[in-house]
Amino acid sequence: HIKICEGHDLKKMDAVGKSDPYVTLRLKSQEKRQAVKTEVMSRTIDPIWNQEFDIIASDPNDTLIINMYDEDIKNDDKMMDTLEFPVSTWQIGAPVDRKEIDLTFRKKPAGKLIIEDSAFQA
């Protein structure tokens, strides 16, 4: 169970000094088209999503992949480097874990992403 909470001081991707960020999540074993995504937050570098997703992983060796993009008419530019979390790092029944992740893009600071995660057996 993953909750994409919010972002802070994200990389400015638009000419007007803002961004239209959204986050995608998928398992490494899935095709890119199977990714789930948050809503697009228009013209902000401090988005608040508070959106929750249940990702079902049957292989403990799989990896959760998180990406953030800027919605753009021309093409979707990545706003950060790919985040990867091995499924095996989540313990079934452990309390919710809040993570404040320092983002980078091409080895430069790109803001923070705050997520909460927990694992449970289906």
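Glu 6 stands opposite Ile 114 in β9. The model is predicted, and this report starts from that strand.

**Strand β9 and its partners**

Two strands pair with β9. Strand β1, residues 2–8, runs antiparallel to β9 over 6 bridges. Strand β8, residues 97–105, is also antiparallel to β9, over 9 bridges. Ile 114 has a bridge partner in β8 too: Glu 100. Ile 114 therefore faces Glu 6 and is bridged to Glu 100.

How buried is β9? Of its 10 residues, 7 are buried, so the strand is largely enclosed by the rest of the structure. In a regular strand, side chains alternate between the two faces of the sheet.

**The hairpin turn**

β8 and β9 form a hairpin with 2 residues between them. Arg 106 sits in the loop that joins these strands. Its phi is near 55°, a positive value in a residue other than glycine. Is Arg 106 buried or exposed? Its relative accessibility is 64%, so Arg 106 counts as exposed.

Asn 50 also has a positive phi without being glycine, near 50°. Asn 50 belongs to strand β4, residues 48–53. At 43% relative accessibility, Asn 50 counts as partly exposed, because that class covers values between 20% and 50%.

**After β9**

Ser 118 lies in the segment that follows β9, which spans residues 108–117. Its relative accessibility is 16%, so Ser 118 counts as buried; the cut-off is under 20%. What does Ser 118 touch beyond its neighbours within four places in sequence? The contacts are His 1, Ala 94 and Val 96.

**Aromatic pairs**

A search of the whole structure finds 2 aromatic pairs. Each pair is described by the distance of the ring centres and the angle of the planes.

| Pair | Centre to centre | Angle between planes | Arrangement |
|---|---|---|---|
| Tyr 22 and Tyr 69 | 5.6 Å | 25° | stacked |
| Phe 85 and Trp 90 | 6.2 Å | 40° | tilted |

Why is the tyrosine pair classed as stacked? The planes of Tyr 22 and Tyr 69 are at 25°, and planes under 30 degrees apart count as stacked, so the pair meets that cut-off. Tyr 22 lies in strand β2, residues 21–27, and Tyr 69 in strand β5, residues 63–70. The pair therefore ties together parts that are 47 residues apart in sequence. Both tyrosines, Tyr 22 and Tyr 69, are buried.

Phe 85 and Trp 90 form the tilted pair. Their planes are at 40°. Phe 85 is buried, and Trp 90 is buried as well.

**The largest pocket**

What is the volume of the largest pocket? The value is about 510 Å³. The lining consists of 21 residues, and those closest to the pocket centre are Ile 55, Ala 57, Val 87, Ala 119 and Phe 120. Which classes make up the lining of the largest pocket? There are 13 nonpolar, 5 polar and 3 charged residues.

**In brief**

β9 pairs with β1 over 6 bridges and with β8 over 9 bridges. Arg 106, in the hairpin turn, is exposed, whereas Ser 118, after β9, is buried. The stacked ring pair is Tyr 22 with Tyr 69.

Technical notes:
Residues are numbered from 1 along each chain as its sequence is written. This is a predicted model: local features need pLDDT of at least 70, side-chain atom pairs count only at pLDDT 80 or more; totals for chains, interfaces and linings use all residues. Side-chain values use heavy atoms; hydrogens and water are left out. Helices (H or I, at least four residues) and strands (E, at least two) are DSSP runs, numbered from the N terminus. Buried means under 20% relative accessible area, exposed over 50%, partly exposed in between (1.4 Å probe, protein chains only). Contact means heavy atoms within 4.5 Å. On a 1 Å grid over the protein atoms alone, a cavity is a set of points where a 1.4 Å probe fits but cannot get out, and a pocket is an open set with protein on both sides within 12 Å along at least five of seven lines; lining residues have an atom within 4 Å of a point. Grid points are joined across faces, edges and corners, and a volume is the space filled by probe spheres set on the points. Ala, Val, Leu, Ile, Met, Phe, Trp, Tyr, Cys and Pro count as nonpolar, Asp, Glu, Lys and Arg as charged, and the others, Gly among them, as polar. Two strands pair if DSSP finds at least two bridges between them. Rings of Phe, Tyr and Trp (its six-membered ring) pair if their centres lie within 6.5 Å; planes under 30 degrees apart count as stacked, over 60 as edge-to-face and the rest as tilted.
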